[in-house]
Amino acid sequence: MLLFSALAALCLLPLLVLAAEDYYKLLGLDRDADERQIKKAYRTLSKKFHPDKNPNDDTSQQKFVDIAEAYDVLIDPEMRKVYNQYGHEGVKQKQGGGGQGGGHNPFDLFNSFFGGGGRFQQGQRKGPNMEVRISVPLRDFYTGKDHEFKVEKQAICEKCEGSGSEDGQRDTCHKCNGQGMVIQKQMLAPGIFQQMQMQCDVCGGKGSTVKHKCKTCGGARVVRAEEQYELAVEKGMPNGVRVTYENEADESPDYVAGDLVVHLLQEEPKLAAGEKDRTDGTFFRRKDQHLFWREVLSLREAWMGDWTRNLTHLDGHVVQLARKRGQVVQPGSVEVVEGEGMPTWRQEDGPEFGNLHVEYTVVLPDQMDGGLEKEFWGVWEKWRKKKGVDLQKDSGRPELKHDEL
């Protein structure tokens, strides 16, 4: 019976090895990914599947461990070469058959990236939030589009993993004994003293010092770094919407990073450089779900009709405006074109699109030549006498009374 169990285990071992998820697939990377891409993938996924953010979820907790294991292997050039050639089994043999034993503790690894003891503990000190403003064209709010943007921020030094020490060693401060604070006495008057608690000037409040400072950060434990992010502008997003990236603000070994808050704004309309991107919709005005446009008509068009206009919308489709012959357009009148406004953001109930409001402005000629003026005058006089139009009476205003004085 024991022999049969041993044989069964040996047969299942290759299947278990094959079942292990590919490290590149686990991190969402191509096999030629560089060091920056590997670190970026780990940063994103480790926060997403952190156990403190997914309590009572065994799948997420295991994913957190697997992500740390994958990072440990792929970030090490020698281990990555072994993995590329021999897979998981080669890595295990290289690590001495201990599986994850050759890598970092998942929480220690997380701590080296984000600080805070490797956990999002309740009540734990959190750093300040960062706020940035990003402007995109109205077209992107209408059609939706993915953008990339970069932010320069404070990041934990990867060379020394936030210790500030070249050899990773920190010594307890001799002045404050690791407390980070010292008590100083100040004499206010003869025999009268005041005690004040102040930050230790030797260790800067850290409680420890280093003999050999890290050459990359100069012992500061943090550096200035530029980080790239992806921003998905969804259809119908309101102007000024806030998009939050959790724990992506300035980093420090002393606290959990705050949030990066992006204010998404509509940029001022401007004529597109490319002919295919030039649309009338670029100059639409927006209010919530509705769009607004001012159309200019000549006197003849407003008076006589018989015209057609094609408005090219934000996504390139055409909205047609028209009047038949004899249809008069009053100056300042507004036409509502249903369903041609902005998409409804995250629509559940109600209309899928708002409306397009078209306001008509009539342009009158500055002057007319003699012949045209006589013809117009004749037509209007004939019409006025025939219809008996009295502008004073028909306006509804009170009759004018002569001043007796």
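Visitor: So buried means under 20% relative accessible area, exposed means over 50%, and partly exposed is in between, with a 1.4 Å probe and protein chains only; is Tyr83 buried or exposed, then?

Guide: Tyr83 counts as buried, because its relative accessibility is 4%. Please keep in mind that this is a predicted model, in which local features need pLDDT of at least 70 and side-chain atom pairs count only at pLDDT 80 or more, while totals for chains, interfaces and linings use all residues. Residues are numbered from 1 along each chain as its sequence is written, and side-chain values use heavy atoms, with hydrogens and water left out.

Visitor: OK, how many aromatic pairs are there?

Guide: Searching the whole structure gives ten aromatic pairs, where rings of Phe, Tyr and Trp (its six-membered ring) pair if their centres lie within 6.5 Å, and planes under 30 degrees apart count as stacked, over 60 as edge-to-face and the rest as tilted. One of them joins Tyr24 and Tyr83, which is tilted because the planes stand at 45°, with the ring centres 6.1 Å apart.

Visitor: Where do those two sit?

Guide: Tyr24 is in helix α2 (residues 23-27) and Tyr83 in helix α5 (residues 77-94), so this pair links distant parts of the chain, 59 residues apart; helices here are DSSP runs (H or I, at least four residues), strands are runs of E of at least two, and both are numbered from the N terminus. Tyr24 is buried as well, at 2% relative accessible area, and Tyr23 joins Tyr24 and Tyr83 in one aromatic cluster.

Visitor: Switching topic: how many disulfides are there?

Guide: The search finds zero disulfides, a disulfide being a pair of cysteine sulfur atoms within 2.5 Å. Cys214 is in no disulfide, and its nearest cysteine sulfur, belonging to Cys217, is 3.8 Å away. Cys214 is buried at 2% relative accessibility, and Cys176 is buried at 4%.

Visitor: And on the surface, which residues make the nonpolar patch?

Guide: Leu299, Trp303, Met304, Val328, Leu364, Val379, Trp380 and Trp383 make a patch of about 740 Å². Patch residues have over 30% relative accessible area and no salt bridge, with like charges joined within 9 Å and nonpolar side chains (Val, Leu, Ile, Met, Phe, Trp, Tyr) within 5 Å. Areas come from the Shrake-Rupley method with a 1.4 Å probe, and for residues only the protein chains shown count as cover, while a salt bridge is a side-chain nitrogen of Lys or Arg within 4 Å of a carboxyl oxygen of Asp or Glu.

Visitor: Which helices supply at least two of its residues?

Guide: Both α8 (299-304) and α9 (370-387) do. Trp380 lies in α9 and counts as partly exposed, because its relative accessibility is 41%.
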